[in-house]
Amino acid sequence: MRNSAIFLFLFLVLGSCKNSSKPLDSMTTYDTPLYQEPHRPQYHFTPKEKWMNDPNGLVYYKGLYHLFYQYYPEDIVWGPMHWGHATSTDLLHWEHKPIALFPDQHGYIFSGSAVVDFENTSGLGTIENPAMVAIFTYHLMEGEKAGKTDYQTQGIAYSLDGGDSWEMYQENPVIGNPGIKDFRDPKVFWNEKTNAWTMLLVAGDHLQIWGSENLIDWNKQSEFGKNQGAHGGVWECPDLFSFTDETSGAEKWVLFISINPGAPNGGSGTQYFVGDFDGKTFTSDQEEDQWVDWGTDNYAGVTYNHTPDGARLFIGWMSNWLYAQNTPTERWRSAMTLPRTLSLKDIEGVPTLFSTPAPVWDNIGKDQKGKDVSVPAGQSIVTYSEDLNQSKIDFVWDGSAMSFSFVNQKQELLSVHLDPENQQMSIDRSASGLVDFQEDFKNIQIGPIGDLPNTEISVSIFLDQSSIEVFLNGGQKVMTAQFFNTNPYNQLKIENKGTEKAVFKGLKITPIHSIWGQD
Ligand code: FRU
């Protein structure tokens, strides 16, 4: 086997310090400074400390992207849920804000959404100073423990200072429980078709659509999905939005439903349906199950309300309920995916979801010329880069059978396989580092790629300490996964598994600096 080494020295500075230095939990002391702990992502959002799950209340208002999230400030496992809060001007650097919502007499604060009530339909603000309204599920633990079924209700809270401080609505809950055990995760958006608010709610095995003039009084309008889509687990975290075809002007609606368990690679995953929405009812004649991301670690993702140019921006929770509470981190647990822009494209007559990293990444490494790398049949080349563990890797795949592996001095190995014969890509993290904290973590994860072009396929990979996000053909196929290597990966091994010479055009490794300050 012939090994040729390419040294790529590409430097890029994205850094700016936004987080302040005081840990939330002053009782525990740590050897490593905040944000420099082992496995800590450096350009993905993570809470300073403790447990995080779903993104909540994604809303843009007055120049800020708000990110609320399921948060338990006292431990690194799931517990009484709060809404943590952070903001960003650019979807890259995040500023931590005080906790927005705390559990109260109605229960824990489960997932939900946020809107800005510009027309003051609720009367909670004014036209001059509209209220930001959070709509969420209350989960009453006492009810669950007592074996009842009515412990999830929907509540609202509002902020008159752009999300800094919050008041619970006095008459909560605004939707009581009709006797459904899993009745949660309200996504509310302004509906141009009805000139009113629409709420999506999941009810165990199906979606319910509700409408309201004022965010307070709600009526149920329709249901979807009892006999459609994947049903391997409970339906959670819905979202619904439209795309307009630039040439035909036709409108198509996309429904997101997260399910847990029942994802194609085990545990949690997010399916999507393409269909029509008349303002009150969603219908879809899609027969095959479709998935937003084929990797194991992108769950409960939803999109922003009120984005300035109508862009459909998505953030997911980069974990999986299979092992989310066991991952080997100590001070915090779990990260968000990179924010992604969604679009719908026609692929051989099938409307297909594309997700690409948010535009902030468009220019990263643009000024760097990549190298064309040719690899003889059955051979591999190795590229060394000290920055690999925190980098973006780009090249154009010629469609031949190949794998690329990230390797470190301890021979820990994270591999991505592109297999045109079986029309699949896969991620193998079975020897990637720490893997024994849960039995399923070692499983190889597989995604179909049969609908990709045969050649000239762009590949972009983001590696950030403990996560890999692979985007094929501009986001037509995406896989996201966590890993926990114990030494940084510093070799990229590209293996040609085919019977002919392969050429990977424009290979480049762009280091990405930390977005967090040195606390
Ligand atoms: C999804 C989910 C939601 C729920 C929240 C609780 O991960 O189970 O359905 O609202 O997490 O933290």
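**Close-up 1. An exposed glutamate within a charged surface patch.** A residue counts as exposed when its relative accessible area is over 50%. In this predicted model, Glu-287 has a relative accessible area of 78% and is therefore exposed. Glu-287 is placed in the loop that lies between β17 (282-283) and β18 (290-291). On the surface, Glu-287 gathers with Asp-285, Glu-288 and Asp-289 in a patch of negative charge.

**Close-up 2. Strand β12 and its covered faces.** Strand β12, which comprises residues 206-212, is mostly covered, with 7 of its 7 residues buried. His-206, Gln-208, Trp-210 and Ser-212 are buried on one side of the strand, while Leu-207, Ile-209 and Gly-211 are buried on the other, and both faces of β12 are thus covered.

**Close-up 3. The pairing of β12 with β11 and with β13.** Strand β11 (residues 196-203) runs antiparallel to β12 and is joined to β12 by 7 bridges; within this pairing, Leu-200 has Ile-209 of β12 as its bridge partner. The two strands form a hairpin with 2 residues between them, and Gly-204 in the turn has a positive phi of about 75°. Strand β13 (residues 219-224) is likewise antiparallel to β12, to which 5 bridges join it, and here Gln-208 stands opposite Glu-223 of β13. The hairpin of β12 and β13 has 6 residues between the strands, and in this hairpin Leu-215 takes a positive phi near 70°.

**Close-up 4. A buried salt bridge between two strands.** The side chains of Arg-184 and Glu-236 meet in a salt bridge, at 2.5 Å from N to O. Because Arg-184 lies in strand β10 (residues 183-191) and Glu-236 in strand β14 (residues 234-244), the pair ties together parts that are 52 residues apart in sequence. Both Arg-184 and Glu-236 are buried.

**Close-up 5. Salt bridges with partly exposed or exposed partners.** Lys-220 forms a salt bridge with Glu-223, with the closest N and O atoms 2.6 Å apart. Lys-220 is partly exposed at 41% relative accessibility, and Glu-223, at 34% relative accessibility, is also partly exposed. In another pair, Asp-436 forms a salt bridge with Lys-442, with the closest N and O atoms 3.0 Å apart. Asp-436 is exposed, with a relative accessible area of 64%, whereas Lys-442, with a relative accessible area of 35%, is partly exposed.

**Close-up 6. A network of charged side chains.** Glu-37, Arg-40, Glu-49 and Arg-331 are linked in a network of salt bridges. The count of salt bridges in the model comes to 19.

Terms used
Residues numbered from 1 in each chain as written. Predicted model: local features only at pLDDT ≥ 70, side-chain atom pairs only at ≥ 80, totals over all residues. Heavy atoms only, no water. Patch = residues over 30% accessible without salt bridge, like charges linked within 9 Å, V, L, I, M, F, W, Y side chains within 5 Å. Areas by Shrake-Rupley, 256 points an atom, 1.4 Å probe, with all protein chains shown as cover. Salt bridge = Lys/Arg side-chain N within 4 Å of Asp/Glu carboxyl O. Lys, Arg positive; Asp, Glu negative; His and termini not counted. Charge placed at Lys NZ, Arg CZ, Asp CG, Glu CD. Helix = DSSP H or I, 4+ residues; strand = E, 2+ residues; numbered from the N terminus. Buried < 20%, exposed > 50% of the residue type's maximum accessible area, 1.4 Å probe, protein only. Pairing = 2+ DSSP bridges.
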